[in-house]
Amino acid sequence: LKYTDMGEYNAAEVLLSQSQEAITTAAAPPPPPVLFPFQPIPWTGTIGLGSYFFSGTKTTSIITLDADIERKWPRDQIDISLRLINDLDDSRQAPDEEVEFEGRFETEYRHHITSRWQYFVNYAARRDTLEDMNVRTNLYTGPGINLWRAPNSRTLDMQLGLGARYEDSSTRNNDFDVPVAQFRLRYKDIYFKNLKLRQFFTLEIPFNDTSDYYIESTTNLSIPITNGWSFNNAVRFRYSAIPTLDNPNVRVNWQTGIEYNF
């Protein structure tokens, strides 16, 4: 307005144009984040420790160590997890041992063909002396579909695969099943403000004996504390239609402890 009063009409028009451009730029919403192809993420993971100890008429303790690492490329992902459990109960009678052990290793590779469709390969191996299981191992592969995706790797994925399952236990002596169908649902990294929730559901059905199916569900809730440390709670549910000898069909474990994110 001052430039106009002074007769400097060209300067007034230039200043008005620059002001309008600055206002328009400031008011424009930021561009939406690119969800696919993914932004590469280097190796990240968590290490968690949980324990329980009781001493009275008998002495019991459970010590659990969990480790998970993962990496993401523009179209590929890999997840690796390891769980070790030491279970002590000095009231157990022979032939059972006072110290029982469970170890589990699992890895999965996923190649994302598009933002919606993917192809996966997963492998798992478990040893559980409490269930009289020397080894249980399986390998599955097949297609998957992304049902929902948001920033910060928040996803809901569904997978359907075929593969093979091998078990050597008190019930199954060198039992090999093929083909076996696997259905998996993964609900991962959903944040409710400062909470992190992960849900995994797996169903396995062998074609040669559909009554010998297996269900596993894991719900994990992490509450951040400080500097990479979190308070972790996990509920693991397992159902074996044909369990190992003298063991129930259902097994539920609740674990609480701390974990470090790196």
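This report describes the overall form of a predicted model and then a few of its residues.

## Overall fold and dimensions

The secondary structure of the chain amounts to 2 helices and 12 strands, and along the sequence both helices precede the strands, in the pattern α-α-β-β-β-β-β-β-β-β-β-β-β-β. The radius of gyration is 27 Å, whereas a compact globule of 262 residues would have a value near 18 Å. Along the principal axes, the C-alpha atoms fill a box of roughly 105 × 50 × 25 Å.

Among contacts with a separation of 6 or more, 50% are made by residues 24 or more positions apart.

## Surface and charge

Of the 262 residues, 36% count as buried. The chain exposes about 15500 Å², and carbon and sulfur atoms supply 63% of that area. The chain carries 26 positive and 34 negative charges, and the mean positions of these two sets lie 5 Å apart.

## A buried aspartate in strand β7

Asp168 belongs to strand β7, which covers residues 154-169. The residue is buried but has no salt bridge, and the nearest side chain of opposite charge, that of Arg127, is 7.6 Å away; a salt bridge would require a side-chain nitrogen of Lys or Arg within 4 Å of a carboxyl oxygen.

Leaving aside residues up to four places away in sequence, Asp168 touches Met133, Asn134 and Val135, together with Asn173 and Asn174.

## Two cis peptide bonds

Most peptide bonds are trans, but the bond that joins Phe36 and Pro37 is cis, with omega about -5°. Pro37 sits in the loop between helix α2 (9-27) and strand β1 (41-55).

A cis peptide bond also runs from Val178 to Pro179, where omega is near -5°. Pro179 is placed in strand β8, which spans residues 175-192.

## Positive phi angles in two loops

Most residues other than glycine have a negative phi. Asn227, which is not a glycine, nevertheless has a positive phi of about 50°, and this residue lies in the loop between β10 (214-226) and β11 (229-240). Asn227 counts as exposed because its relative accessibility is 69%, and the cut-off for exposed is over 50%.

Asp246, likewise a residue other than glycine, has a positive phi near 60°. Its place is the loop between β11 and β12 (250-261), and with a relative accessibility of 76% Asp246 also counts as exposed.

Key. Residues numbered from 1 in each chain as written. Predicted model: local features only at pLDDT ≥ 70, side-chain atom pairs only at ≥ 80, totals over all residues. Heavy atoms only, no water. Helix = DSSP H or I, 4+ residues; strand = E, 2+ residues; numbered from the N terminus. Rg over C-alpha atoms; globule rule 2.2 N^0.38 Å. Buried < 20%, exposed > 50% of the residue type's maximum accessible area, 1.4 Å probe, protein only. Contact = heavy atoms within 4.5 Å. Areas by Shrake-Rupley, 256 points an atom, 1.4 Å probe, with all protein chains shown as cover. Lys, Arg positive; Asp, Glu negative; His and termini not counted. Charge placed at Lys NZ, Arg CZ, Asp CG, Glu CD.
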